[in-house]
Amino acid sequence: MYWSVFVTVLLAFSFKATNGQVKDILIGTLPNFQHGIEGQLYLRDTKTLVIENFSYDGLGVDTFLYYFKPGQQAVHGQGIVIPVPGGNPADGSFVRGRRYSREQLVIDLPEGTDACDIGELTIWCRPFGTYFSSITLNHDILFEERAGPDEECLIKGRGWLDPQRFSSIVVS
């Protein structure tokens, strides 16, 4: 009886009340350094980031979504590209001239990458080596410490209850 009540309460805190979806975790607001960047960055699961209300004037030259590993200094040309949803299929960059106005970007991380691999996410202009925006992921708040380098990335407060890992949980 007590175990059922505990698991039920735990489930109530881990899942949204609607559709059984996990609530996205707010990482922070994207700062605007150039080109009208706006938006809020969320962590959906270990393989998906979401930018809500994303705005960008589209006028940057050769602009990419890059990530840098935790502790890695953001140095021109050393970031790892995350393909922009709806971006240039040849290289994953933002399509030049494509304006965004308060749109949602659902970002699937590249194969072999999970959110624990990201220390800083940037919108970067490659030819000029400059940021349009940059945000740091606070690993102490967001993630469980990995037991080893090959261990799975776990979001704090979700652990084994992450519905990305289990499609249904039956509590009796």
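Two strands count as paired if DSSP finds at least two bridges between them, and strands themselves are DSSP runs (E, at least two residues; helices are H or I, at least four), numbered from the N terminus. The structure looked at here is a predicted model, in which local features need pLDDT of at least 70 and side-chain atom pairs count only at pLDDT 80 or more, while totals for chains, interfaces and linings use all residues. Residues are numbered from 1 along each chain as its sequence is written, and side-chain values use heavy atoms, with hydrogens and water left out.

With that in hand, the strands can be walked through. Strand β1 (residues 25-29) runs antiparallel to β2 (residues 38-45), the two being joined by 4 bridges; here isoleucine 25 sits opposite leucine 43 in β2. Strand β2 also pairs with β3 (residues 48-56), again antiparallel, over 6 bridges, and glutamine 40 faces glutamate 52 in β3. Just 2 residues separate β2 from β3, and the pair forms a hairpin.

Elsewhere, an open sheet of 4 strands follows the order β5-β4-β7-β8, with antiparallel pairing. Its edges are β5 (80-81) and β8, each pairing on one side only. Inside this sheet, β4 (residues 63-68) and β7 share 6 antiparallel bridges, and phenylalanine 64 stands across from tryptophan 124 in β7.

Next comes the packing. A nonpolar core is a set of buried Ala, Val, Leu, Ile, Met, Phe, Trp, Tyr and Cys residues joined through side-chain atoms within 4.5 Å, where buried means under 20% relative accessible area (1.4 Å probe, protein chains only). The largest such core has 31 residues, and Leu49, Phe54 and Phe143 touch the most other members. At least two residues each come from β2, β3, β4, β6 (100-108), β7 and β8, with β3 giving the largest share, 4 residues. Apart from this core lies another, of 5 residues, including Phe64, Tyr66 and Phe68. Back in the largest core, phenylalanine 54 has contacts (heavy atoms within 4.5 Å) beyond four places in sequence with residues including Leu30, Phe94, Tyr100 and Ile123.

Finally, there is 1 cavity of 30 Å³ or more, a cavity being a set of points on a 1 Å grid over the protein atoms alone where a 1.4 Å probe fits but cannot get out. Among the residues lining the largest cavity (an atom within 4 Å of a point) are Leu30, Ile51, Leu65 and Ile123. Both β7 (120-125) and β8 (130-136) give two or more residues to that lining.

Note on methods: On a 1 Å grid over the protein atoms alone, a cavity is a set of points where a 1.4 Å probe fits but cannot get out, and a pocket is an open set with protein on both sides within 12 Å along at least five of seven lines; lining residues have an atom within 4 Å of a point. Grid points are joined across faces, edges and corners, and a volume is the space filled by probe spheres set on the points. Buried means under 20% relative accessible area, exposed over 50%, partly exposed in between (1.4 Å probe, protein chains only).
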